[in-house]
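This report describes the fold of a single protein chain, from its overall dimensions down to selected residues. The sequence and the structure are shown first, and the description follows.

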Amino acid sequence: MQPLLEVRELRTHFELGDGVVKAVDGVSLTVRRGRTLAVVGESGCGKSVTARSILRLVEKPARIVGGEVLLYDDASGEPLDLLAAKDKRLRQVRWADIAMVFQEPMASLSLVHTVGDQIVEAVRLHENVGKQAARERAIEMLQRVGIPDPQRRVDSYPFELSGGMRQRAMIAMALSCRPRLLIADEPTTALDVTTQAQILDLLQDLQQELGMAIMLITHDLGVAAQVADEVAVMYLGEVVEQGPASAVLSRPKHPYTQALVRSVPRLGLRGRERLVAVRGTVPPPYERPSGCRFHPRCDAFMAGTCDTTVPARVRSDGIDVACLLYGEEGR
């Protein structure tokens with residue numbers, strides 16, 4: 001499959017009074033046309049900052065300090081570097097080519113405008129259509145995402161909707177211009193299990209209908225196993241493993257991915273049997289370990305090697321992994 005989006009050595013830092021927090025520090029990943037990439041990892045590993053950096057939505061004190069974000073044209077195959085694009089060109093890309101569903105829709109939707117007005121505004125900013133045609137598009141999208149009575153709900157305010165309906169309205173707005181890539185940042189957070197399953201099924205149905213790619217950000221490996229074609233595992237601001245979902249989740253290479261998979265509850269777990277937690281804790285943001293960043297928590301730690309050498313990403317059994325266990329020498 002041809003790549004739709006390539007992120008190369010992306011770096012986003014937070015310049016604070018106590019020092020520099022390297023929230024995203026050399027992230028490289030690929031999203032392919034019509035496929036779903038799940039980005040997983042513990043809270044604070046840089047997943048959401050990576051997503052916002054792709055569309056240059058980070059705000060001060062955050063600053064993108066390096067890297068490339070290449071969006072490929074479907075017809076010519078020519079790449080556009082979103083980090084180098086001018087603001088006018090970037091505004092054309094947002095929603096029309098790449099749309100984003102944010103983690104908390106109540107904080108992303110305007111509370112003083114109706115849901116319909118917000119979708120109409122998004123449509124008219126990117127397409128030369130009248131207000132009535134844009135309103136009909138809004139009603140169509142609300143119906144498509146499963147909101148009952150869309151002719152009435154189009155005039156509802158976000159605070160009049162339930163959490164699940166607000167999330168559906170946010171998805172309707174994101175898909176109103178039929179983007180080629182949808183970035184979904186924890187789209188099922190704070191939703192009950194039934195609504196979560198409905199939202200995931202909805203995203204898969206819309207992907208098949210519209211032929212778009214999805215970059216799904218989640219900390220739930222069960223969700224990744226259910227919907228993803230590929231999985232990228234992040235730790236402390238970098239991707240440590242990426243490959244087909246079936247391979248990464250069933251035969252993980254990196255010790256961090258192996259620890260994550262072991263910590264997932266499974267059927268048949270006995271009553272007194274405890275879950276295997278990932279050893280240790282995420283280090284403070286100003287005290288990043290030297291060498292491999294996971295080495296203080298790694299069961300396969302090799303003294304004098306893992307704590308001094310930064311591992312390069314190598315190919316092993318169809319999986320890209322950044323670990324010295326799979327390469328003769330580090331970077």
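Among the contacts in the chain with a separation of 6 or more, 64% are made by residues 24 or more positions apart. The model is a predicted one. Its secondary structure amounts to 11 helices and 12 strands. The C-alpha trace spans about 65 × 55 × 45 Å along the principal axes of the chain. For 331 residues, a compact globule would have a radius of gyration near 20 Å, and the 21 Å of the chain agrees with this. Buried residues make up 49% of the 331 in the chain. The exposed area is about 16,000 Å², of which carbon and sulfur atoms supply 48%.

**The open sheet and its helix**

An open sheet is formed by 4 strands, in the order β2-β1-β4-β5 and with antiparallel pairing. Its edges are β2 (19-32) and β5 (79-81), each of which pairs on one side only. From one strand to the next, the twist averages 5°.

Strand β1 covers residues 3-16 and pairs with β2 over 10 bridges, in the antiparallel sense. The two strands form a hairpin, with 2 residues between β1 and β2. On its other pairing, β1 is joined to β4 over 8 bridges, again in the antiparallel sense. Glu6 can serve as a reference point for both pairings: it stands opposite Thr30 in β2 and opposite Leu70 in β4. Elsewhere in the hairpin, Thr12 has Val24 of β2 as its bridge partner.

Helix α1 (residues 47-54) packs on this sheet and touches β1, β2 and β4 (62-72). The direction of α1 makes about 110° with that of β1. How much of α1 is buried? The count is 6 of its 8 residues, so the helix is largely enclosed by the rest of the structure. The buried residues are Lys47, Val49, Thr50, Ala51, Ser53 and Ile54. Just after the helix, Arg56 adopts a positive phi of about 55°.

**Nonpolar cores**

The largest nonpolar core contains 70 residues. Those with the most contacts inside this core are Leu5, Leu29, Ile98, Ile171, Leu181, Leu182 and Ile183. Helix α7 (residues 163-174) contributes the largest share, 7 residues. Leu5 illustrates the connections: beyond residues up to four places away in sequence, Leu5 touches Leu29, Thr30, Val31, Ile54, Val69, Leu70, Leu71, Ile98 and Leu181. Another core, of 22 residues, lies apart from the largest one and includes Val231, Val240, Ala259 and Cys292.

**Three buried residues**

Thr50, Pro158 and Thr257 are treated together here, and the table lists the relative accessible area of each.

| Residue | Relative accessible area |
|---|---|
| Thr50 | 1% |
| Pro158 | 0% |
| Thr257 | 2% |

Since the cut-off for a buried residue is under 20% relative accessible area, each of these residues counts as buried.

Thr50 lies in helix α1. Which residues are in contact with Thr50, leaving aside its neighbours within four places in sequence? They are Leu10, Val24, Val27, Met215 and Met234. Of these, Val24 has already been named as the bridge partner of Thr12.

Pro158 belongs to the loop between α6 (150-153) and α7. Its C-alpha atom is 6.9 Å from that of Leu109, although Pro158 and Leu109 are 49 residues apart in sequence. Residues up to four places away in sequence not being counted, Pro158 touches Met106, Leu109, Ser110, Leu111, His113, Val115, Gln118 and Arg166.

Thr257 is located in helix α11 (residues 255-262). Apart from neighbours within four places in sequence, Thr257 is in contact with Val233, Glu241, Val248 and Pro252.

Terms used:
Residues are numbered from 1 along each chain as its sequence is written. This is a predicted model: local features need pLDDT of at least 70, side-chain atom pairs count only at pLDDT 80 or more; totals for chains, interfaces and linings use all residues. Side-chain values use heavy atoms; hydrogens and water are left out. Two strands pair if DSSP finds at least two bridges between them. Axes are lines fitted to C-alpha atoms, for helices over the stretch in contact, and angles run from 0 to 180 degrees between N-to-C directions. Contact means heavy atoms within 4.5 Å. Buried means under 20% relative accessible area, exposed over 50%, partly exposed in between (1.4 Å probe, protein chains only). The radius of gyration is taken over C-alpha atoms; the globule rule is 2.2 Å times the number of residues to the power 0.38. Accessible areas come from the Shrake-Rupley method with a 1.4 Å probe; for residues, only the protein chains shown count as cover. A nonpolar core is a set of buried Ala, Val, Leu, Ile, Met, Phe, Trp, Tyr and Cys residues joined through side-chain atoms within 4.5 Å.
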